[in-house]
Each structure stands twice: as C-alpha cells, then as structure tokens.
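Hi,

Here is the structure I said I'd pass on. Have a look at it first, and my notes follow underneath.

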Amino acid sequence: MRNSHNEYKGRLAASLTGTAETDLLQRLSLRFGIPFQAELPLGNLRVDFTKKIPIQYLKKHMMIPLEIPDGMIIAVNDPSNFEALDDLRRILGYDKAGVILSTHAAIISAINLAYDQNTGSAEEFIQDMTEESPDSIISEIGKTADLLDDTSDAPVIKLVNLMLSRAVKDRASDIHIEPYQSSLSVRYRIDGVLYNVLNLPKRIQSSLTSRIKVMANLNIAEKRLPQDGRINIKIGDKSIDIRVSVIPIAFGERVVMRLLDKTDTNFKLIDLGIDNDRFESFDSLIRLPYGIILVTGPTGSGKTTTLYAALSTINNPEINIITIEDPIEYQIEGIGQIQVNPKIGLTFASGLRSIVRQDPDVILVGEIRDLETAEIAIQSSLTGHLVFSTLHTNDAASAVTRLIDMGIEPFLVTSSVVAIIAQRLIRRLCPECREAYEPDDKALSKIGITRDALGARKFYQKKGCPACTNTGYRGRTAIFEMMLLDDNLKKLILKTSDTNQLVRNAVKSGMTTLLQDGIRKVLEGITTIEEVFRVTRI
C-alpha cells in the first residue's frame, strides 16, 4: 500500500509538470473505481468539521468532506492514501461516506473556503479581548505562511486575521482603522468608495494597532511619529502585499493598509475598458520608437495599471524596458524596475539620468514631479527613447499647461509629447441585480441625449445583492480621454497654453472627453449616470 501511495505521488508530480492532471485522475478513476469530479459541490458546504480537523491535515493529505443530497462524500486527490482517508472517516464519524476524485486546485479551493467561512465574527473576538500589553502580543505572534493556517488563540490576532481575510474576500483595496474619542471605526474602500464595516470598542485600540505594527516590523513603542511598513501574507491561494501607514492623530494612531493582490499580475490592454477605435490608436502609440506618452488623473484613477498594461503588451526579449517607480506596485518579468529612495539620493531625476546609460528602448518614470525630471524625460525622448509617465491633472489638456508652468518651453512640449491620456475609474453595475428603468427628460437633457436618439436602449440603476455585498456595483472599469498632439494642436500650443482652447481644438479633431466616454458606458449598461457624474465632477 505504501509503495502504491508513493508511486501515485511520483506520477502526480510528473503530471503537474507534463501530462494534464485531469487525464491522470481519469485513468486512476477507472483503475480504483472511484468517480472523478473536476468541479466540487460547494453549494451546501458544511464547516462544522473545521473545529475538529486542522487545516494543515487536510492540505497535507489533499482531502475534504462535502455534503450531498444523499449524505456525505470525501473528495480526495490521492486514491491510494487509504490510511488518512480511514482516519478522517473515524474522526468525523462518517464511516459510510463515499469517495470521489478531484483536482489539487479544486480541493485546495474548497478547504480554503470552508475555513474562511468558519473564522468567526469580530464580535466573538472582541468579547474575549482585554487590554493586552505589547509584550503579550509579541509573544503570541508566529510566522504563518497562510492566514487561514493561523491557529493562534489570541483574540487580537484572530481579529486582525478576520479583518484582512474579509477585506480580500470583499475586494477591498484599503483598510482604514480610525480612532475617535470613544470608539474605533474600521472602513473598507471597495471599488473606490469607503464603507463602514466595523465599530469597535475603544479599549482594544492599543492591542489592535500594536498587532499590525509588529506584523509590519514597525516600532510599537513609538506613538508620536508617522511610520510606514509592509506586510506580505497569503490568504488561501492569494498572495497579498500590504503597505501600512500609521500616523498619530488627536485620539490615537490612525492606520491605513493598502492591499495589493500579487497573484494575478497579468495586465492586458483589452481589459482596461478602451473602445475598439481608440484601442487601435493606443496600441500603435505604445509601439512608437520615441516620444513621451503621459497618463493623467488623480490618485487612485488607475494610471499605473494602464502603464503596466502598456509595458506588458510591448514587453519582449528584443527591447530593453527600465522603470523608476515610487513604489514598485507589481513586479513584471523581463522588466528592470528601480525603487525611488530619496534618503540615499535616488530620486526620479537622478535615477532617470542613470537609466539612460543602461541602453533602454522604453523608460517608465512613475511620476513627473518637478522641472528637473521633466527636462530629463524630454531629453530622453528626443534622443530616441519611448518614455511613459504620469501627471496629476484633471484632464488631458491641463497636462500641457502643467508642463509649461513647470518651466518647459512650449516647443519642447510639442516636439516630445505624442499623446496625453486622462482617465478615471468608474464602478460597474452588478450584473446579478442591476435594474432597467426609464430615465426622465431631465436626466437625458443633462447628458445631452434626446429620447429619439436613445431609441430602444435601456438605462440601468443599482439595486444590491449578496454578490455585490449590497452596494449595487461589482468591479471597476476605466473611462478615457485620449488627446493626440497632431499638427493643429502643436501649432496652438506654441501660441497659447489655455486649457479651454486646447480642449475645443482637440474635440474638433475627434477627441472623446471623459464625460462622453462615461455616457457611452451608461448607454452600454455598464454603469449609471450618477457614477459618471461622481468621477468626472460635472
């Protein structure tokens, strides 16, 4: 039996690097007479077994008990591991439980889901929590590869783990822990909007903050100065990078955690939300041999994601791509990425000077913040490099005004900048619960559409359901304003940097504004009028 088990493990290892795992499992299904199911029945997943069986045991032996209409079954990945299977049946009292075969990924996903659902509630942990000293908090902390594997009994550790796992589950990008005079508020930023999720008692503030500080390798004794740190965790099959910022305010320390999911870093232009006509223009722009392409917008508008998608699209062994960023949000294979570090004199300007001596074809400058960086970026583009960068302006035309205000001569702007793209992120309506409605004449007038022009197209509004955590929205997409610097626009820039004139000229040349692109997505049923007006501030 032991030889059979080892033989299976060897064949499975080979299958994961060569032959498809499902093919092997289907053959083993015939050999052992055990049904094979690639998809597991998780609709009525029971989690009571999680109190009896450690998650590490199930992951080690790749098995999980599941409930079906006829009773219980146990999904296994190794049909020859009879000993562990019999032990599981005996512990749970499922002596007659049937067995099915399933893939490694399906079983891991089911295990993570079961233990995530049984993490308890914040209220349970708070009831057990008393004001703990920093020493006791440190002594309870262990290095854990996966938060779901953490079996610590310390309530503060369980509470932090719960907050992080639920934030990932709810697709939150930020967690805000805000102290007030007599309470502690926890808010999640989901799809760009903050939602209040927990109101905690003031007495746990010190313990909660200290736990997060220790995880981020910060000084728990220092409560008077701002601190920044990082946490790397795994939650199930997701690898999460967390940037932690702690600042002292009137009622204690305020903590903000920015969550970045490093599991899926496959950036694609097609996923950004650009319509077909402008997609072709953008695709041709990023393949130019030289020039500057600027992406503008406020913080959190998706500028970095757009630039990463552009770099990922053109990334190949034939070209040398180097970036300088603050911070490096995602690592991209095949691209040299430099982290800005002003403490040692590594700024955007000094780093950019060094980059041009590395024989690059494409350069990404995280942000043009000052005249020196702008001048070096322009010189780099004029000497045969394609330069990507960002600016904090409200629209595309304002970027020209900003560069000239910095001190860049207009003729240098027109000779180096080839395109400026402004963007915003808008929330997508939840496809599960969106409702069609008839817009009134006032709403149509506001967006510049007549009822005749509307025709048979429907408008949709938010409702709310469990799939979108009752927000009415699920996920985000981008709206774009792409200003190409053609000859007419270049001549105008040499005469004036007035934003309004530049916009009027660009629209005459065919530019679609942010508002127009947003209305297009309203007509396509992707979002709402209110959401477009919210992000464009019209």
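Helix α8 (residues 155–169) packs against helix α9 (residues 205–215) at an angle of about 70 degrees, and their axes are 10 Å apart. That makes the two helices roughly perpendicular to each other. On the α8 side the contact is made by V156, I157, L159, V160, N161, M163 and L164, and α9 brings S207, L208, R211, I212 and M215. Sorted by class, that contact has nine nonpolar, two polar and one charged residues. Do keep in mind that this is a predicted model.

Next, the sheet. It is an open one of seven strands with mixed pairing, in the order β12-β11-β13-β14-β10-β15-β18. The edges are β12 (336–339) and β18 (473–484); each has a single partner strand, so one side of each is left without a neighbour in the sheet. From one strand to the next, the twist averages 20 degrees.

If you want a strand to zoom in on, try β11. Five of the five residues of this strand (residues 321–325) are buried, so β11 is largely enclosed by the rest of the structure. Both of its faces are covered, with I321, T323 and E325 on one side and I322 and I324 on the other. As for partners, β11 runs parallel to β13, joined by four bridges, and T323 sits opposite L364 there. The pairing of β11 with β12 is also parallel over four bridges, and E325 has Q339 in β12 as its bridge partner.

One step further along, β13 (residues 362–365) and β14 (residues 386–391) pair in the parallel sense, again over four bridges, with I363 opposite V387 of β14.

Some helices lie on these strands. Helix α13 (residues 371–382) lies across β10 (291–296), β13 and β14, and runs at about 135 degrees to β10. Helix α20 (residues 514–523) lies across β15 (417–429) and β18, at about 140 degrees to β18.

Last one: which residues of helix α10 (residues 276–285) are buried? They are R278, F282 and L285. Seen down the axis of α10, the buried residues fall within an arc of 55 degrees, so they line one face of the helix. The cover over them includes β10, α11 (303–314), β14, β15, β18 and α20. On the other side of α10, N276, D277 and E280 are exposed.

Shout if anything looks odd on your screen.

Cheers

Notes. Residues numbered from 1 in each chain as written. Predicted model: local features only at pLDDT ≥ 70, side-chain atom pairs only at ≥ 80, totals over all residues. Heavy atoms only, no water. Axes fitted to C-alpha atoms, helices over the stretch in contact; angles between N-to-C directions. Parallel < 35°, antiparallel > 145°, perpendicular 65-115°, else oblique. Contact = heavy atoms within 4.5 Å. Nonpolar A, V, L, I, M, F, W, Y, C, P; charged D, E, K, R; others polar. Pairing = 2+ DSSP bridges. Buried < 20%, exposed > 50% of the residue type's maximum accessible area, 1.4 Å probe, protein only. Arc of directions from axis to C-beta.
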